[in-house]
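Hi,

Here is the structure I promised to pass on to you. Have a look at it first, and then read my notes below with the model open next to you.

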Amino acid sequence: MNTKELIRSTFGTVAVLTIAISVIVFIAYGYTDVEGQLKETLTITIGVFGGSATLGAAFIAANLFNDWKEQHNKQVENQLILTIVNNFNKLDNLMTVPWFELFDLHKLNQQEVDRYFNQFRNNIGNIKLAFLDTTISIERLAIFSGNLENVIGKVKKYNLDFLIIMDELSNLPLESQLDLKPILTSKMQLINDLIVDIESEYVKKLIAKLKV
């Protein structure tokens, strides 16, 4: 119900109630032989109307506040969801390029291979930050939604598995880089599995919710 309809409905109810009470009071006074029947009826009617109008105004104010609160909460929720999506997209982009380039290493000369591994090593910190930003933003939405208990365990496992993989990647030697391709492929596949799981479990569902 919009504001105009709410006001119209509330004060329509107040008017009907006031008229009904005034008629009842007027008839009742008619049976008691009270002097100034109309005057007494009007006095009571004015009092009833004033009280009912006050209650009606309070009712309208409460409904408007609830509507505002609901809209505000939805805006906050949307912003938190957008933060998750942005962080996830950054993470996905950071992993997509080196992942696809990895399969073409055998086509590159040694200088290009060296460049690939050096860029990957230098980018590990950015990948870590993007992953943790994504999981932290998921936790923040869960806190806001009162759903942290259902999220915290899985997010902790994401972080633990991811950091173990990244530590192993950070400690890889770079002397015989092409020989590292199988293990690097394996580790990056594990990271991509985590990313796909996060996308399926949270990001896609949240994007659908954002459209509502």
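Tyr-158 and Tyr-202 are both buried. Keep in mind as you look at them that this is a predicted model. How does this pair of rings sit, edge-to-face or stacked? The ring centres of Tyr-158 and Tyr-202 are 6.5 Å apart and the planes stand at 80°, so the pair counts as edge-to-face. Tyr-158 belongs to helix H4 and Tyr-202 to helix H5, so to speak two distant parts of the chain, 44 residues apart, that the pair links. The search of the whole structure finds two aromatic pairs. The other one is made by Phe-131 and Phe-162, which are stacked, at 3.8 Å centre to centre and 0° between the planes. This pair also links distant parts of the chain, with Phe-131 in helix H3, Phe-162 in helix H4, and their positions 31 residues apart. Are these two rings buried or exposed? Phe-131 has a relative accessible area of 0%, which makes it buried, and Phe-162 is buried as well, at 0% relative accessibility.

Now the overall layout. The protein has five helices and zero strands, and along the sequence that reads as α-α-α-α-α. Of its 212 residues, 31% are buried.

Before you zoom in any further, check the confidence. The mean pLDDT of the protein is 76, and 63% of the residues reach 70 or more. Where is confidence lowest, and where is it highest? Helix H1 (residues 3-32) has the lowest mean, at 60, while helix H4 (residues 148-170) has the highest, at 88. Where pLDDT is low, the predicted coordinates shouldn't be read in detail. Both aromatic pairs described above have a partner in H4.

Next, the charged side chains. Side chains of opposite charge can pair when their charged atoms come close. How many salt bridges does a search of the whole structure find? It finds six, and here are some of them.

- Lys-157 and Asp-161 meet in a salt bridge, at 2.8 Å from N to O. The two sit four residues apart in helix H4, about one turn of the helix. Lys-157 is exposed, at 52% relative accessibility, whereas Asp-161 is partly exposed, at 25%.
- Glu-77 and Lys-74 form a salt bridge at 3.3 Å, N to O. Both lie in helix H2, three residues apart, which is again about one turn of the helix. Glu-77 is buried, with a relative accessible area of 12%, but Lys-74 is partly exposed, at 26%.
- Lys-154 and Glu-201 have side chains that meet in a salt bridge at 3.6 Å, N to O. Lys-154 is in helix H4 and Glu-201 in helix H5, so this pair ties together parts that are 47 residues apart in sequence. Lys-154 is partly exposed, with a relative accessible area of 33%, and Glu-201 is partly exposed too, at 28%.

Why does Glu-77 count as buried while Lys-74 doesn't? The cut-off for buried is under 20% relative accessible area. Glu-77, at 12%, falls under that value, and Lys-74, at 26%, is therefore partly exposed instead.

Last stop: the largest pocket. Its volume is about 270 Å³. Of the 14 residues that line it, Leu-141, Asn-147, Val-151, Tyr-202 and Leu-206 are the closest to the centre. You've already met Tyr-202 as one of the two buried tyrosines. Which elements give two or more residues to the lining? They are helix H2 (37-102), helix H3 (110-145), H4 and helix H5 (181-211). H5 gives the most, with five residues. By class, the lining has seven nonpolar, three polar and four charged residues.

If you want a route through the model, try starting at Tyr-202 in H5, then go across to Tyr-158 in H4, and from there along H4 to Phe-162 and over to Phe-131 in H3. After that, find Lys-154 in H4 and its partner Glu-201 in H5.

Write back with any questions!

Notes: Residues numbered from 1 in each chain as written. Heavy atoms only, no water. pLDDT = per-residue confidence, 0-100. 1 Å grid on protein atoms, 1.4 Å probe; cavity = no way out; pocket = protein on both sides within 12 Å on 5 of 7 lines; lining within 4 Å. Points joined across faces, edges and corners; volume = space filled by probe spheres on them. Nonpolar A, V, L, I, M, F, W, Y, C, P; charged D, E, K, R; others polar. Salt bridge = Lys/Arg side-chain N within 4 Å of Asp/Glu carboxyl O. Buried < 20%, exposed > 50% of the residue type's maximum accessible area, 1.4 Å probe, protein only. Phe/Tyr/Trp six-rings, centres within 6.5 Å; stacked < 30°, edge-to-face > 60°.
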